[in-house]
Every structure is written in C-alpha cells, then in structure tokens.
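User: I would like to work through a protein structure by question and answer. Please reason briefly each time and finish with the value or name I ask for.
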Amino acid sequence: MLSAALFLLVLGLVASVALAIASRAFYVWEDPKVLAVTDALPGANCGGCGNPGCASAAEAIAAGLASANICVAGGFEVAQAVGEIMGQRVEEREPEFSWTSCSYGVGNAEPIFSYNGASDCHAAVMLYGGSKLCPVGCIGLGSCVKACQFGALAIGDDNLPVVDYSRCVGCGACVDACPKNIVALVSQTRRIISEYVTDECTAPCQRACPTGIHIPGYIREIRNGNYEEAVRIIKEKCPLPLVCGYICPAPCELSCRRNFVDEAVAIDPLKRFVADHEMTTGKHIDPYKCTDNEIKIALVGGGSEGLTAAYYLARLGYQPTILEAKPELGGILRYVIAEDRLPRNVLDHDIQGILEMGIEANTNVAMGRDFDVCSLLKDGYDAVVVTSGGFDSRKILKPEQERYDAAIPGLFIMLDLLTAFSQREEIHLGKHAVIANGGLKALELARKCRDMGAEIVTIVSDQPLSTLPVDFHDTKVLAEEGIEVRASATVAAMRGIGERMDRIALEDKDLTGDISKKRTIIDADTLIVPAGRLPEMAFVHAAGKPETEGERVRWQTIETFRTFPKGGGYGILSSPEPGRISDSSAVVKSILSGRRLARAIHQNFTDGTITPIPNLVWEAADILDVTEVNGVNPSERQCPTVSDVEGDSKTAWIFPEEYPGLDEPAARQEAERCLQCGLICYDKNT
Amino acid sequence: MEYIVLVISAVLIKNILLAEYLGNCPFLGTSKRMDTAVGMGLAVIFVMTIATAVTYVVQHMVLVPLNLGYLQTIAFILVIAALVQFVEMFLRKFAPPLYVALGIFLPLITTNCAVLGTAILCIRRDMNFPEAVVFAIASASGFTLALILLAGIRERLEISNVPRALRGTAIGLIMAGLMSLAFFGFVGVDGSLKEFIQN
Amino acid sequence: MKALDLTVSPAPHCHCGARITRVSYNILLALIPAMAMGFYYYGFDALRVVAASMGSAMLAEAAIQSILRKPITIADGSAAVSGLLLALILPASVPLYLVVVANFVGIVVGKQCFGGLGANPLNPALVGWAVIRITRAWAGYLDFDLALVNYETGFILQYPLAVLKAQGSAGVAHFSLMDLFLGKQVGGIGSSAIIWLLLGGLYLVVRGVIRWEIPLSFLIGVAVIAGIFWLGDRTSYGSPIFNILAGNVMIGAFFLSTDNASSPVNQWGMLVFGFCCGAMTVVLRSWSIYPDGVVFACLLMNLFVPLLDKIKKKQPLPPALSPVTPPVMSKSAEERSAS
Amino acid sequence: MKEAAHMIVVLVIICTVCGVALSGFREMTAERIENQVLMNVQGPRVNKVLEGSQNDLIADRKVIKIDGQEVLLFMGKKDGKPWAIAYETLGKGFGGDLKVMVGYDIENDKLTGIQIVSHKETPGVGSKVTEDQFTQRFKGIEIDLKAEPEKRLSKKIDAISGATYSSQGVYEAIGKSLQLYMAIKKQDLSTK
Amino acid sequence: MKLLRTFTKGLWEELPPFRLVLGLCPVLAVTKSAETGLGMGLAVIFVLTCSNVLVSCLRNVIPRKVRIASYIVIIASFVVMVELASQAFFYKIYESLGIFIPLIVVNCIILGRAEAFASRNGIIPSALDGLGIGLGFTMSLTVLGAIREILGAGTLFGTQVMWSSFRPFTFMVEAPGAFISLGVLLALMNAFSKTQQS
C-alpha cells in the first residue's frame, strides 16, 4: 500500500514540479496584448476581417495594423473588449446582415437543363452558369451554408437560402462563397444608398421606376393586408409616397408583365391606397434610421429634390438644414402643380413625414441675398448642396444685376453671359475661363471671352474631338488664338478660396469604362455652363476639414454621382440621368436625384471618394427579360388606366376628383393580380 | 529486418485506426481537410514516439520492479498528459515553426486513445525497447496514412450529393469502414514477408 | 423553355445522361463474350448467378433511390454493369444469397451513400466482392477449388493461383499457357475467359469508352513486379506471363480498375494508378492469404485516387467520345444575355 | 510561487489519496483475481489436457522450483493417485509469445495433449494453431527419454501451411517443456 | 423536474455517441457482441458517475490550472478500480474488452462531462448527469452490439437466435463491419431526428 501511495505521490510531484519548472525554463515572451486580444476574439476563424484567422488578426491588431473593430463577427462588444485592451476608443459599427435576393428557387425558376451533379454552387456554375435560365438566380446547392461558420444559413424548402438573423454576424463568408452574388451584406446604410445593378434580380416595374421602389414587395404586403409594411417598403426608396400616388406618371405600369396578358397592375393606385391609409391613421410610418452623427449639411432649395436629399441624409444620420427662398416648402409641387391635381393636405402630410426624420427647415431665405456657399461653409456647415432643381437658376446666380458670381463663385450661365456681352456690360472674367460643352456657340463665346480680357479660354467637351464641329479640329490654330480645346473630358470639380474660384479639375473620359482616370487640374477663374438651369452641386471644405486662410474658406465641389459611361456620364455637370442637366420631368425623377445626392455626400464623408457603380440599371441597360408570359389567367384591372403616359408628368393629367382611388376590397383584389416578378421569373399560378 | 515486418504489420495489417479501433475521434474530426490531416498526422507521430518510449521506461524501470503493474493506466495517462504539455512548451521555446504547425493539435492528443493505446499495447505484447519505439513510429505512420487517405476522399465528398442524413461523421465512418475493407487485402502479407526475409 | 435532358456527375467526370448509358451499354456489350464462355462451361449455374447479380444490383439501386426520393436511374445501366462485373469474378456455384448481399452492400454502401453515380470513391462491385470475401464463414463458397469441383469442363480443375500458392512454380508447370490464354482455366464465371476479356477490353479502348493508360500500365505493372519476383525466386513465384494470364488480371486491367468515378483523371495519374494496381496485385498474390490480389489491389489504389489526382494540376483529358452539345437557349434569351 | 505551490500540493494530495485507495482495492481483489485467472485461463486448458482426471485440477496445483525457476504444476489424479501432470511453457510465435499448456502421462511417458493458453497470432492465419485440428495431432505421442531433448518426440507433426511461424512457436514451447519434464518427474508429486 | 431532465437528456437529446459523436473507439471495438457492449457500458456508467460525483465534490478545491490533470487522475483511479473489479468478478468480459478498459480513461465523454457539467454543478445533478449519459452510452453500445452479434454470429448474448443452418455474416464483427454499421446507425438517427423535428 505504501509503495503505491508513494509512487503516485512521487509521480504527481515530479509531473507538477517538472511542469512548473518547465513553464519557467521554457518561458517564451509573448506580447500579452496579442494573447489578451486572441482571448477576446470569438475564435471562429471565419476570415471576415481579411486575416487568415483570429490569431493573426490579434497580431495585426496588436501591431497596430488593424483597428480594434475589425472583427465583424464579434460585433460591438468584442470590439469594445479589444479596444479596452489596446487602449483605443471604439465606435459602434453599424451591424451588417447577410441578405439573399433570389426568390424563385430551382424548381420554381425557368431551367435550361436539369442538374444533378456535384453538390457545390461553384461546380454548378462552371456549366453554362448554372441550370437556371436566369443568370442571377440562386443555384440552391448551399455553398453559402457550408461557408457559414455560425450556422446562420440554411437551404429552405424552396431551395433558397434562409438567413437566421439571430445568428448572422455579418462576416461576409457567405458573400465570398456565392458565385452568383445572390448573397450580399446589407446594413441600413447600404440599403439606403444602394442602386440597382444589372446582375441582380429586379422586376421590370422596379427597373422602370426612377426611384426604384420594390414594387412586387409592397404589392405582396398589400395582398397580405400589411399596409404599414407596404408603406415602409415604399418609403425605403421614396419619401413622398402619397404625392407619388397622386401625380406619378407611373412609368412602372408601362413595363408591367401583365401587359403581355391583359392590362398592367394598377401599381400607382395601389401605392396611393396604402399611402392614403397611412394618412388616415394620422401617424407617419418612420423607416429605420442610422445613428446620428454631427455632420451638418445645408440644402439650398426645398423642392422635392431637396426634401428627398434631406430625408435620406437624415436617415443616414446627418443633420440637414433646408434653406428655402419661398415661404413654404414644396417647390414645384406646391407652387406649380395645380391644387386640383395635388391637394395641399396631401403634400403637407408627406412633407411633414420627411421633416419628422429630424430636418430643420428655414424658409424665406434666399441664396445670394441672405447667404451664399462660402458663408454657409463658414457658418459651420460641412457641406452645402444646391438642390435648386427645376427652377430657373439665374435667379440664384444673379439675384441682383450688378453681381454675377455672388452665390456660386466663378460660375456663369452661357445665356447670361451672351446677353451681357450683347449689352456690352463689363464682366470680370479673370485670366482663365473654362467653357463646358456648348457646341459651336462655345467657340463664339470663347472668342468673346478673349475679347473681354480672358487670357486663356478652355473649351471642355465630353465628346471626342472627331465628333465635334470641324471648327474645333485645328487645335493648333485655336491655341494660337488662346483657345484650348479639351475633348473627351469632363469637369470633375471646382475649387476655390473664399468667393473666388481658382482651379478646375478635368477628367479624361474613357468610353471603355476604365475608371483609372487621369485628372488634370488647371487654373480657372470662371466656369461657363451652357444650360439655363444649374446642375446639382455639392460644396464641401477642401481637404475634408475646415481650413481657413485668413477669413476665407477653402472649398471644392464633389461629384454628385458616378457611373461608367455606358450608364451615363460623370463629372459635376452631369446630373444623375445622363445627358441632361437637372431636368427632372417628374417628381419621381427628382426623388432619384435627391437620393443620389445623399449617397454622394455620404460617400464623401465616409470613404472620401464617390465610387462608381458598375453595371447600373438605367433606362437603356441590357437586361435579360421575358418576351412572353405563359400560364397566367387574364383578370380585370380594378381601376382605369391613365394611358398614353411617356413617363413624363407633363402629359399625365390625373385629377383626384374624377379618380378617387381604390377602396380596400378593390386594392386587395388588384394586388392579387401582381405576378411577383423577378428578373425573368414570375408567379405562373396567378 | 524483423523491424520491416513489424512496420508493415503496424501500418498496413493491424493499422491502429482501421483494425485496432484506436484514435477514431481525432481521425474523424481532423480528416475533413488535407492540411489539418497532415498536421495532425505529424503531431501524432511525434508525440506517440516520445510517449511510448517514456512509458516503456516507466513500466520497466518503475512499475515492474515495484510490483505496481496495476497502476499502469493511471501512471501512463499522467505521464502522457504531462509529456504533451511539456512538449508543447518545449516546442514553443525551441522550435517555433514546428509549434505553429503542430501546436493546435497537441492538446487534442492528450485525449487521443491511440497514444495511450499504443503505449499499453507495447507492454502487453512484450516488446523490447527498440521494438516498442519502432512500433510506435509505425503505428503513428499508419494513423497518418489512413488520415491522409480519408482526408483526400472527404475533401472530394464535400461536393458530392451525399444524402443529408449521412453527411459529416456518418459518411466518414462508412468511408473508414471501406478503407478498412480494402486494407483487409494485406492479411497474411506480414507472415510471408517474414518468411521471405529469412530465406 | 423545355429543360434539356442533361445530367452532370460530380467533378471531375462530366458526362451527360446519354453518355453514361452509352458507356454502360458498351461495357455490357464488351463483356458478353466472356459471359458466354461462363455459360458454356458452367451452364445454368452461371446464368443463375449472372441474372441474380444484375437483378439484385438494379433492385438495390432502385430501392435506395426510391427511399432517398431521388430519380431512379437504373436505366443508365451502371448498376447492371456493377452486377455483371461482380458475377463474372464469382464462381458459378456460389449461393444466390451471397450475390444479393454483395450487391446490396456494394450498391448501397459503396455507391449510393456517397451520392450515387460518379461520387463513389471505390468501385461498388469490388466493395461487394470484398465484403463477402472477408466473411470467414462464407469463404468456402468463394474458394474455386472447393466450389467448382463438381463440374465437367474438359480442363484441369484446379485454380492455378491456388496451386501456385501451395506448391510453387513446379505445381503450375502442367498448366499450358495457351490453355490459360484461351480461357481454359478454373476461375470466376467470366474472369477466366482471358482472350475474350482482352478482345472486349480492346473494343472499349477503340470505342473510347475507357482510356488505354490504365489497362496498359496495369499489365506492365503485373509483368514488371512478377518478373522481379520470378527472377528472384523461380521456384516459389510464377512467371510474368503466367501471372498475367491467370486469375482476375485481365478483367481487372480492363474492367475493374477503369471505373470512371474511382480512377484518376489525368494521364500521369492514370499511368501511376494502373501500374500500382498491377504491382500491388502481384505483391498481394504472392504474400497475402488470398490467392488472387486483383480486387484488393484495385480497392487499395482507389483510396489513393484523390492523392493521385494531385500529381498534376487538374487537366481533364479531351473527351473520349464526341463532346456534349451545349444547351441552346432560346434565341431571344441568348441574345439578351450575350449583351 | 505561492500559486504554483498550491497547485502542486493539491495535485500531489489527490495522487496520494488515489494511490492509497487503489492499493487498498488491489489488496481486496488480489486473491480473487489470481483465482479468476487460473479458472478462466489455465482452467479450461488444463481440464482438456488432463482429461479423465477425477480431482479438482485447479485446487490441486502446486508451485515447484527447478533450477531456481518457478513452475506452476497441475496434477491429474485417478483413484487418488497422480497419473498426469501439466504445465505451461513459452514459445515465440509470429506475433509474440505463445503460451502452451503441455500435459504428460507420467505413467507411460506420453503426451496427453497440448492446448494454447494465450497467443498473439494473426486471426485466421496463425491462430489456426489453437484449433483442435492442430492440437489434437499431439495427443498420445510417446516420448523418447533417452534422445536429445529436441528429438524426444517420437513423431514429427507437420506445420500448418501459412502458419509456419506459429507452428514453430508451438514446437519450441513443447521442446522447452520436454527439457523440464525429467526434472519435474523426479520431484515430489504428492500434494497436500 | 429539472433533475429529471438532467437525467433523461443523456437518453435521447445528448445520447452518446450518436448525438455527441464522442468516444467512438470503444463503441467500435467492443460491440462485437451485445454482452461486451453491455459490459463496457456498465464500466463507463460506473466511472462516469463516480468521477462526476468526486469532481463535483472537489470543484471548489481544485485550482483552475491543474483541473484537467486532477480530473485525469480521478478518472484514472476509477478506471483502475473497474479494471481490478472486472478482473476479479467478470473475467470473461475483462478478457474480451482487453485494452479498452484502461482506455476508458481517454474516453472524451468522461472528461467532457467532468469539465462541462460536474465542475459547475452540485453533487446530485452531477451524479444524475453521469448516470443518464452513461445509461445512454450503454444503451447505444448494447444495441449496436446486438445488431452486430445477431448478423455476425447468429447469436444474442451468446444464445443462438438465428436458424441453425445460418451461416453468420462475419463481416459484421470485423472492423469494416463495425465502422459501416455505426455509420449507418448514425445516419438513421440523423434521418429519424430530422423527421421528428419537422
């Protein structure tokens, strides 16, 4: 007995003492921070942070190569814990979730062949891009499910991935695993600033709608009787649902697939139905809002565009202030459109809903008279956005005869300038004038500018030289005259100090869509734009932060929208829709402009650059679509079509009195008519 | 030459995993991917060799002289547990690259019954010291071989339409069974080889 | 749009449905002469085994597929090929329940558990055979010398490989190599019909159903290793030619080792695979307790296929048959997606 | 340091307590285990080898010393008189030691039979030596006491094909057993 | 009520080895017959329950850093007791379980329960947990052993249950049969629990 007890005693002693000694003898110094950070990280090794595993992420954090909040999986708490170890302050990062966009699984979607091979999405996609006719449809073999380290994804009964939001941490492993971009990460911000692209599932109505409302979505909610949810879906893309319900020319209905069978679904009346429902409840349904930040934005112009931009900026957490010259907000909606088309209580309701997002509005203050860009920037606004929209901009630029560049430094409108020249007025153009576009007239104007004292006049055209009038071709001769021609280029930005513009950035326009752009910066005192209306312009402090030179502010413009040339131009003189300068022919179009302005400002303050959107869906984009609809039973539309609309409110005259809208049974019945289309799928049992 | 037969026998015929049923938990756990399989295999070879040698000494220098054979189990497991921890610290100090490669597998090995099993088998089969060491290396190599083969197949099965209920461990077990079946072809090879070497 | 009849088997073997059927039926066709020889020598017993084997293989496939609610694919002939191959390496006298058990285990465990055609890591017919072979209580049924003692065939009723194992090369001196070549030897129903298997195999190679690399390197492997053994000890081991002509080598080289799913995809892999199969065959024959080692050699090498596929970066060989016609989208859809 | 000491003390105490408990348990069971081993391991073999004895073979065992080596001897009695003895010897088989129980008819100097007590041979191959087919062949072979120890068996038994090693191990054990036979026979075979 | 659940969860929800997929080696090795399976199961119940109780008793005494080592010593002691006891009282089973009795020490289930349950709970729940998990383990082993024994030897607990001319499918008692039958049983469990869920 003794020997056994002694033996185990000795064994235990030897083992523990040896280990105790070894732990000292073999002591390896390890950065206690790395150890502590490794402990704090979740240890799932998901790779969501871009490091191969949690341990290497910890090393990167400890070495200062990564910020404390890189762990998307752990969320704010882990970030805080890590931050505490590292002695950093951690700001809450917006949570992201995995989101799947396909709604017709294999089995419901149109197939090109039956696949029963390797159970892996990548393998399936290698064969003619998968078994679905739809190029962006979910393969349903669950590569995303396998990739998920947190068990948040499963393939549901209809062969589509289902996200368990309680488990999703937004690491993005599934996004990398999906060969079809079906799975995406969304945060509220991402949802607010998203634009439709050609390789995602969009219904034809959705694409036709300039604001991009998820029409099948809200009609489905109407079908289910969830009117509030329907309003919420509409408000995600359109802050003026009731106004749109009354006066929208509804280009969506032209694209409705029901047109192949009978008549389009009454999309717009349905929208008006739910928006009316919201108004009768007297309560505004507030969509989600991001955490507030401290950035103040001034919006000049309280029309639909300004209201929309303010609305989205507020939702993104900014502090927008609307400055309106007129006594009331609403712009054209209030002062131009007849009251019998758009009852004012309707307008007030929608505007009230927008203001409730946390927007300050000052009326009866006019740019050029009460303030200008520089004074606003000086007053502490981080950005000034000109959302003058459809109004005649000369009033803004030239509120008083003797001052030409009071509101926006150095900016002239060609028409004004020509008039002034013809009246032989003295205008100080500075040494270097830049004329944007303008055809043959530009050459004439350039010569006049030279006469007026400008030493160099640069004509910038987004067209290639060969398509310009022949007079422009002999650049050498023109150069001798002091006229420089810059073809295939756009004006990317204006810069200035105080009330003077001093430089203009030009960007070569590459038609192949290459965005590795070449930017040249030239000295310029004057920029002359051709149209009668101002484009949307956004001014910020140069170099991102307020920097004053004496009393004067350094400012620059940012681009309001960027896309590849195929979907439209870029540069500050192109508005969201290509080829036009701020000509919003319908309220839905100005809503789109407003939202894109908000996107640009948000990107400027977060990433610092406005990123282009490749494959943007636009009017003429090539998208796979169906040319016939099979197996759908015709049914009667519940209200008359207001036809011959071309997506232009000027020709659509809808009067609420003779057109009272849908009642609830009719709306429910009408909602049943919707085919719930996807890119090429549709519900064949309707 | 005897050792060749011992090795062939331990790797192919009495494969520790496929015929002796030892070490199945890590076998199924780490055979999903090739790189983890290789790492685990190397760690097992390393630890099993050292553990067998040390426990052999403990058995024959301590337990047998003291007539404490019945404490074999408790003595061995203590020695192995301490040893694994010791090796972990040692590697970390003196061979950091090896530690990085094998480190995460080392704790798994403490509860790997193949290590304790091999140590006990050496004693039960009355091997001498060199035989025990060779046997340990060979057994661990057999483990590694089976692990790598299974990992190759399971990597491929990842993309197959394996019926849902079978996915994961179930199909791993069935595949291990089929591997064991294939290894049955070697039955008798050790005997003939021994004869062959002698002639 | 009408869905095309196109099936994809797990990577790396891509076939469309039509091709599997064609492969299977070509193999069945190539095996007919060997099978006929079996019927000729062993009569109704052989027929009984072949019918039971093919029937139970297809039944097993249909049963498991209906349980798993998958489309039933027995018409593609792959189950029939498995069944037939299994029957051809069994003695004609084997009890039918053995055949049924072997086929059920082979098809269900060896094939369908892994996701069916193309996903099986081992050849299902061989799995079935090995299962009944290692069942000790049933070993007597598979011992050719015991099993075939009651037949009148007109040639020596001794299994050459068993004789070689027991008595060394002196024991097999009285076997004429020509007789062995012509199929006049004891063995499985079809696996002893060497010349007919060779012709059938060559037919498959010519038709492009199987590739030449595996059979050729298999035979070379057998010859080389057997040659080494033979030169080392002529009294115990058979000559290379004897080794090639006796037992399952011929059926192994052309039919058992060339199963699409369980063999490598690239040329080097195939050559190594075939050679190792052949080499392993001779080693197991000489040293293991089983007289013939072909089946176990193939099974063992099947396990190495994923590793062999890593020899070279995966580079699928050009298709042996005419390529699959790509599915055609409707004109409008194609134009739209192109743009 | 204090922490480390605490850990060591706890571990050592646990180890010691376990050691005490185990050795106590061991002492309680030791005798029974010895009996069980005899009953289950040697018992059936001895009974088979010394078939026809009338006594309790396990109870009538004794340990004798030969050249300083202890041998556990089983004795078969007929009508109260010892007629046969059996004891174990080791041979080296293929997988390891083969323990063979060899029984002798001491009146006629014949083998009463052999049984394999334990072995580590390959199942299905070497393990064939344990089967009756092989062990029965040794029954009744006469011993030539005058011959060299290796050649004392009057009849040669063929090895099992495929299990040559295991067969040789059995021969080796029998050979060792025969070497002891004379010395044991001379001992006092009476039991208390 | 909670205690009852502590006990019963081992019988189905956390049934080892099928749900926890732990401790597979003995499951494969000792299920050649129902009897050895049962014997192994009983040994595991004993060790699991005793070690759970003891670990639970000592949970406030053992320092964190040496807890695993202490648990191992405790478990190993009980294993040695089982070894001795089985040798003394159930010699046949002791022989057929062979090396797998000492290997109970490294059965992940036992260390796992000690670490996951007993070190955090009181004595009575720990005992019930050990008993429940152990019982579940025994059940699984016995069932698997019975299946393999009936097919592989034609007997159940040593008595002939198949017809006399039955030639046993000895494949089932060989290693491949062990792996495959456990795999198939696991798959059936998965399929069954899935249909139960839906």
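User: How many aromatic pairs are there over all chains?

Analyst: The model is a predicted one. Two rings are paired if their centres lie within 6.5 Å. Over all chains, the count of aromatic pairs by this rule is 23.

User: Is the pair of C:Trp138 and E:Phe169 stacked or edge-to-face?

Analyst: The centres of these two rings are 4.9 Å apart, and their planes stand at 20°. Planes under 30 degrees apart count as stacked, whereas those over 60 count as edge-to-face. Because the angle is 20°, the pair of C:Trp138 and E:Phe169 is stacked.

User: Where do C:Trp138 and E:Phe169 lie, and are they buried or exposed?

Analyst: This pair crosses between chains. C:Trp138 is in the loop between helix 5 (124-134) and helix 6 (139-142) of chain C, while E:Phe169 is in the loop between strand 2 (159-160) and helix 8 (175-197) of chain E. As to accessibility, both C:Trp138 and E:Phe169 are buried.

User: Is the pair of C:Phe229 and C:Trp287 stacked or edge-to-face?

Analyst: The ring centres of C:Phe229 and C:Trp287 lie 5.4 Å apart. Planes must be over 60 degrees apart to count as edge-to-face. The planes of C:Phe229 and C:Trp287 are at 75°, so the pair is edge-to-face.

User: How many residues apart in sequence are the parts that C:Phe229 and C:Trp287 tie together?

Analyst: C:Phe229 belongs to helix 11 (residues 213-232) of chain C, and C:Trp287 to helix 14 (residues 267-287) of chain C. C:Phe229 is buried at 12% relative accessibility, and C:Trp287 is buried at 12%. Because the two rings lie in these two helices, the parts they tie together are apart in sequence by 58 residues.

User: Which residues do ring pairs link into a cluster with C:Phe229 and C:Trp287?

Analyst: Ring pairs join C:Phe229 and C:Trp287 to further rings in a cluster. One of these rings is in chain B and another in chain C. The residues asked for are B:Phe196 and C:Tyr237.

User: How many salt bridges does the structure hold over all chains, and how many residues apart are A:Arg637 and A:Glu253?

Analyst: Over all chains the structure holds 33 salt bridges. One of them is formed by A:Arg637 with A:Glu253, whose closest N and O atoms are 3.1 Å apart. A:Arg637 is in the loop between helix 23 (587-606) and helix 24 (664-672) of chain A, and A:Glu253 is in helix 13 (residues 251-255) of chain A; both residues are buried. The pair links distant parts of the chain, and its residues are apart by 384 residues.

User: Are C:Asp292 and C:Arg285 buried or exposed?

Analyst: The side chains of C:Asp292 and C:Arg285 meet in a salt bridge at 2.8 Å, N to O. A residue is buried if its relative accessible area is under 20%. The value is 8% for C:Asp292 and 5% for C:Arg285. Therefore both C:Asp292 and C:Arg285 count as buried.

User: Which residues form one network through salt bridges that share partners?

Analyst: A network arises here where salt bridges share partners. Such bridges join four residues of chain A: A:Arg258, A:Asp262, A:Glu670 and A:Arg673.

User: Which backbone oxygen lies 3.2 Å from a polar atom of the side chain of B:Asn15?

Analyst: B:Asn15 lies in the loop between helix 1 (2-13) and helix 2 (24-29) of chain B, and B:Asn15 is buried, with a relative accessible area of 1%. Its side chain reaches the backbone nitrogen of B:Leu17 at 2.8 Å. The backbone oxygen at 3.2 Å belongs to B:Gly142.

User: What is the area buried between chain D and chain A, and what percentage do carbon and sulfur atoms give?

Analyst: The contact takes 12 residues from chain D and 11 residues from chain A. In chain D, the residues that lose the most area to chain A are D:Ile8, D:Val12 and D:Cys15, together 39% of what that side buries. The side of chain D that touches chain A has 7 nonpolar, 4 polar and 1 charged residues, and the count between the two chains is 0 salt bridges. The buried area is about 970 Å², of which carbon and sulfur atoms give 80%.

Notes. Residues are numbered from 1 along each chain as its sequence is written. Chains are lettered from A and ligands numbered from 1 in the order in which they are written. This is a predicted model: local features need pLDDT of at least 70, side-chain atom pairs count only at pLDDT 80 or more; totals for chains, interfaces and linings use all residues. Side-chain values use heavy atoms; hydrogens and water are left out. Contact means heavy atoms within 4.5 Å. Buried area is the accessible area (1.4 Å probe) that two parts lose on being put together, summed over both. Ala, Val, Leu, Ile, Met, Phe, Trp, Tyr, Cys and Pro count as nonpolar, Asp, Glu, Lys and Arg as charged, and the others, Gly among them, as polar. Helices (H or I, at least four residues) and strands (E, at least two) are DSSP runs, numbered from the N terminus. Buried means under 20% relative accessible area, exposed over 50%, partly exposed in between (1.4 Å probe, protein chains only). Rings of Phe, Tyr and Trp (its six-membered ring) pair if their centres lie within 6.5 Å; planes under 30 degrees apart count as stacked, over 60 as edge-to-face and the rest as tilted. A polar contact is a pair of N or O atoms within 3.5 Å; within protein, one must be able to donate a hydrogen and the other to accept it, and residues adjacent in sequence count only if both atoms are side-chain atoms.
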